[in-house]
Each structure stands twice: as C-alpha cells, then as structure tokens.
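User: Hi! I'm new to reading protein models and would like to go through this one step by step. Could you help me with some questions?

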Amino acid sequence: MTLKSTTDADDKDCWQTPVWLFDALDIEFGFWLDVAASKHNALCTQFFTEEANALERDWESHGAIWCNPPYSKILPWIEKAAEQSRKQHKAVVLLVPEDMSVGWFSKALDTVDEVRVITDGRVNFVHAGTGKEKKGNSKGSMLLIWRPFTNPRRRITTVSKHTLEQIGQEVRAA
C-alpha cells in the first residue's frame, strides 16, 4: 500500500524543519547558511529565499550549509549540494524523505559522504501558516551529508529521532 500525501499543493514545499532537529544538528555541524528558506522559516541568520534562487548562485558561507529542500524536486538540490560542498569547502546537510528507491537517491550516492537515516519515528514538520508541528508525515526522513575533505564514503548510519529531540530540547533549555 502506497501512502499519498494529503498536503495542499501550494503548501508542499513550504514546511519548516522543527527547531529541535535543527538545533541538534547545529551542535555537530555549526550551520551558517540556510539555502532553502523564507523570511518566516529561516533557521540561520544568513539564508536564501526562493527569490534569491539558491540553485543559480554560489553558496558562500562561513560555516556548514543547511538545506531542507523543496520535496517536489530534490535532484537539483543534490547536484548543487555536491558542487557547493567542494567549491565552498564546507559541509552541506540536506534533510530529505527517506526513500532509497528513487533516482535522486542513486544520484546522491555518487557524491555523498554519509546517509544518516532518522529512526524511531517520523519528523513532524512545522506548517508555514500556523507555526505548529503537524503530524502525519507519510515517510521517514534522512540526512544526506557532504564533507568537502573526504572522498565520498557513502556510509549509511542511523540516529534515533528521540536522541535528536532530547539534544535539541537541551540546547533550547540552556
């Protein structure tokens, strides 16, 4: 049985990463630039909006680069992430649906250093209009991680959603 999204087409590409997830990963990577954001959902002080067109420009950054790309068209973001990690000498992390059966995943394996699958639950993304996490994500999530100074190892690792939540909440409480 295939689960289909019930999200309105206009909202499909506007979901924010939960802050707890971003905070947990920010500790590890030190993000400086969010390349797929809006002024309402940016998670870094430096960010590119849709109008800035991150796919048509360099991702100049003073730290790691975060991207929760539009899920309607992931492949161009994978290609750009691989290019910009090498060019900017920065780690790039993409949060994408956990689906290893699609063509963009095979393409990512050509260049990615690590595929980190988030286990033990699905990420509830934040609705652009309400600012609240919405349950009902039809797929799990994974992180595609490019590191500029390693040959792609194509490692597949896992991390528990619960661990990320705990770390992220501790960061917010500090």
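User: Let's start with two aromatic residues: are Phe-31 and Trp-66 buried or exposed?

Analyst: Good place to start! Keep in mind that this is a predicted model. A residue counts as buried when its relative accessible area is under 20%. Phe-31 meets that condition, and so does Trp-66, so by this cut-off the word for both is buried.

User: What kind of aromatic pair do Phe-22 and Trp-66 form?

Analyst: There are 6 aromatic pairs in the model. In the one formed by Phe-22 and Trp-66, the ring centres are 5.7 Å apart and the planes stand at 80° to each other. Planes over 60 degrees apart get their own label, so this pair is called edge-to-face.

User: How many residues apart are Phe-22 and Trp-66?

Analyst: Phe-22 sits in helix H1, while Trp-66 belongs to strand S3. Both residues are buried. Their pair links distant parts of the chain, and the separation is 44 residues.

User: And which parts does the pair of Phe-31 and Trp-66 tie together?

Analyst: This pair is edge-to-face too, with 5.3 Å between centres and 65° between planes. The two residues are 35 apart in sequence, and because Phe-31 lies in one strand and Trp-66 in another, the pair ties together strand S1 and strand S3.

User: Which residues do the ring pairs link into a cluster with Trp-66?

Analyst: Trp-66 pairs with Phe-22 and also with Phe-31. Ring pairs bring one further residue into the cluster with these three. The residues linked with Trp-66 are therefore Phe-22, Phe-31 and Phe-29.

User: Which elements do the buried residues of H1 pack against?

Analyst: Helix H1 covers residues 19-29, and its buried residues include Trp-20, Leu-21, Phe-22 and Phe-29. Just after the helix, Gly-30 has a positive phi of about 70°. The buried residues of H1 pack against strands S1, S3, S4, S5 and S6 and helix H4.

User: Where is Asn-53 found?

Analyst: Most residues other than glycine have a negative phi. Asn-53 is not a glycine, but its phi is positive, at about 50°. With 32% relative accessibility, Asn-53 counts as partly exposed. Its place is the loop between strand S2 and S3.

User: What is the relative accessibility of His-89?

Analyst: His-89 is another residue other than glycine with a positive phi, near 55°. You can find His-89 in the loop between helix H2 and S4. It counts as partly exposed, because its relative accessibility is 47%.

User: Now the whole chain: what pattern does it follow along the sequence?

Analyst: The protein chain has 4 helices and 7 strands. Write α for a helix and β for a strand, and reading along the sequence gives α-β-β-β-α-β-α-β-β-β-α.

User: What radius of gyration does the protein chain have, and why does it agree with a compact globule?

Analyst: A compact globule of 174 residues would have a value near 16 Å. The C-alpha atoms fill a box of roughly 40 × 35 × 35 Å along the principal axes. The chain agrees with the globule value because its radius of gyration is 15 Å.

User: How far apart are the mean positions of the positive and negative charges?

Analyst: The protein chain carries 22 positive and 24 negative charges. Take the mean position of each group, and the two points are 2 Å apart.

Key
Residues are numbered from 1 along each chain as its sequence is written. This is a predicted model: local features need pLDDT of at least 70, side-chain atom pairs count only at pLDDT 80 or more; totals for chains, interfaces and linings use all residues. Side-chain values use heavy atoms; hydrogens and water are left out. The radius of gyration is taken over C-alpha atoms; the globule rule is 2.2 Å times the number of residues to the power 0.38. Lys and Arg count as positive and Asp and Glu as negative; His and the chain ends are not counted. The place of a charge is taken as NZ of Lys, CZ of Arg, CG of Asp or CD of Glu. Buried means under 20% relative accessible area, exposed over 50%, partly exposed in between (1.4 Å probe, protein chains only). Contact means heavy atoms within 4.5 Å. Rings of Phe, Tyr and Trp (its six-membered ring) pair if their centres lie within 6.5 Å; planes under 30 degrees apart count as stacked, over 60 as edge-to-face and the rest as tilted.
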